[in-house]
Amino acid sequence: MNVEELTALVVDLRQEGSDTAEIEVKRAARDFPENVLPTVSAFANTPGGGTIIFGLDESTGFVAVGVYDPAACKATLATRARQALRPPVTFDAWDLQFEDAPVLVVKIHEQPAHGKPCRVISSGKAYLRAYDGDYELSQVEEQAFVANRSTPVFDQQPVPATATTDLHPDLLTAYLASCRASSTALAALPDEEILYRTGVTTGTDRELSLARLLPRGIRLFEQEELDL
């Protein structure tokens, strides 16, 4: 991360007018923001992780107000990431000078499948990221994470040449409705992202994962299309 890359991020934030699904801003002008832990949990549980920028003020259009002490802020975050979250979270951090103010940019790493969901120890809650907010994990999402932990690696591989168009449309619609009804976070997401986060699709091409469907009893394929 360098100043040019940070500038591009801030331009996007200012155009959006709010935090995004991938970026959270914390003011941190006077002290460490204790409300950052749900965001760290959410990014650790979200595919690709996410970025937290300390030292910008969202309420004033993402003006650079500076971090109270970049080194102390980074050290406190490292302590919280090790001691206040289970399992511990790792991150990369950069101290940058932006618009004449010190800013700390932190990239939260996604937890591996066996480490999800990542929880805030004090509350026992785990979070996911959706748009500009952190949302407590729903039961459906909890089950998806647990299934990922217990499923053999070979069963998590995408099924070649499959896509969501191979799914039974009526059952797929019912499944998506059930996910949205059970989770505020999922309710805000498009269909494709819900299917990915709950394990129906997998891989970079979002192909279907049959092994993730059958153990959970989600029979979405047309019966006559199965080669039995």
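These legends walk through several close-up views of one predicted model.

Because the model is predicted, local features need pLDDT of at least 70 and side-chain atom pairs count only at pLDDT 80 or more, while totals for chains, interfaces and linings use all residues. Residues are numbered from 1 along each chain as its sequence is written, and side-chain values use heavy atoms, with hydrogens and water left out.

**View 1. The whole chain, for orientation.** The chain has eight helices and 12 strands; these are DSSP runs, numbered from the N terminus, with helices being H or I of at least four residues and strands being E of at least two. Of its 228 residues, 43% count as buried. Here buried means under 20% relative accessible area, exposed means over 50%, and partly exposed is in between, using a 1.4 Å probe and protein chains only. As for contacts (heavy atoms within 4.5 Å), take those between residues at least 6 apart in sequence: 63% of them join residues at least 24 apart.

**View 2. A four-stranded sheet with helix H2 lying across it.** The sheet is open, its strands come in the order S5-S8-S9-S10, and the pairing is antiparallel. Two strands pair if DSSP finds at least two bridges between them. At the edges sit S5 (85–86) and S10 (133–136), each pairing on one side only. Further in, two bridges join S8 to S9 (residues 125–130), and these strands run antiparallel. One residue to pick out is Arg 119, whose bridge partner in S9 is Ala 126. H2 lies across S5, S8, S9 and S10, running at about 70° to S9. For that angle, axes are lines fitted to C-alpha atoms (for helices, over the stretch in contact), and angles run from 0 to 180 degrees between N-to-C directions.

**View 3. Helix H2 on its own.** H2 covers residues 37–45 and is mostly covered itself, with eight of its nine residues buried. The buried set is Leu 37, Thr 39, Val 40, Ser 41, Ala 42, Phe 43, Ala 44 and Asn 45.

**View 4. A salt-bridge network around Arg 129.** Side chains of opposite charge can pair when their charged atoms come close. A salt bridge here is a side-chain nitrogen of Lys or Arg within 4 Å of a carboxyl oxygen of Asp or Glu, and the structure holds 11 of them. Lys 26 meets Glu 24 at 3.3 Å, N to O. Both ends of that bridge are buried: Lys 26 is at 8% relative accessibility and Glu 24 at 7%. Arg 129 meets Asp 134 at 2.6 Å, N to O. Arg 129 is buried at 0%, whereas Asp 134 is partly exposed at 26%. Salt bridges that share partners join Glu 24, Lys 26, Arg 129 and Asp 134 into one network.

**View 5. A salt bridge from strand S8 to helix H4.** The side chains of Arg 119 and Glu 142 meet in a salt bridge of 2.9 Å, N to O. Arg 119 lies in S8 (residues 119–120) and Glu 142 in H4, so the pair ties together parts that are 23 residues apart in sequence.

**View 6. Two more residues of helix H4.** Glu 141 also has its place in H4, which spans residues 139–150. Glu 141 is buried, with a relative accessible area of 2%. Setting aside its neighbours within four places in sequence, Glu 141 is in contact with Leu 128, Glu 136, Ser 183, Ala 185 and Leu 186. Gln 143 is in H4 too, but this one is partly exposed, at 45% relative accessibility. Gln 143 and Thr 198 are 55 residues apart in sequence, yet 8.4 Å apart in space, C-alpha to C-alpha.

**View 7. Phe 32 stacked with Phe 54.** Rings of Phe, Tyr and Trp (its six-membered ring) pair if their centres lie within 6.5 Å; planes under 30 degrees apart count as stacked, over 60 as edge-to-face and the rest as tilted. By this rule there is one aromatic pair. Phe 32 and Phe 54 form that pair and are stacked, 6.2 Å centre to centre with 25° between the planes. Phe 32 lies in the loop between S1 (23–26) and H2, and Phe 54 in S2 (residues 50–54), so the pair ties together parts that are 22 residues apart in sequence. Phe 32 is buried at 8%, and Phe 54 is buried at 0%.

**View 8. Cysteines without a disulfide.** A disulfide would be a pair of cysteine sulfur atoms within 2.5 Å, and a search of the whole structure finds zero. Cys 73 is buried at 0% relative accessibility, and Cys 118 is buried at 0% as well.
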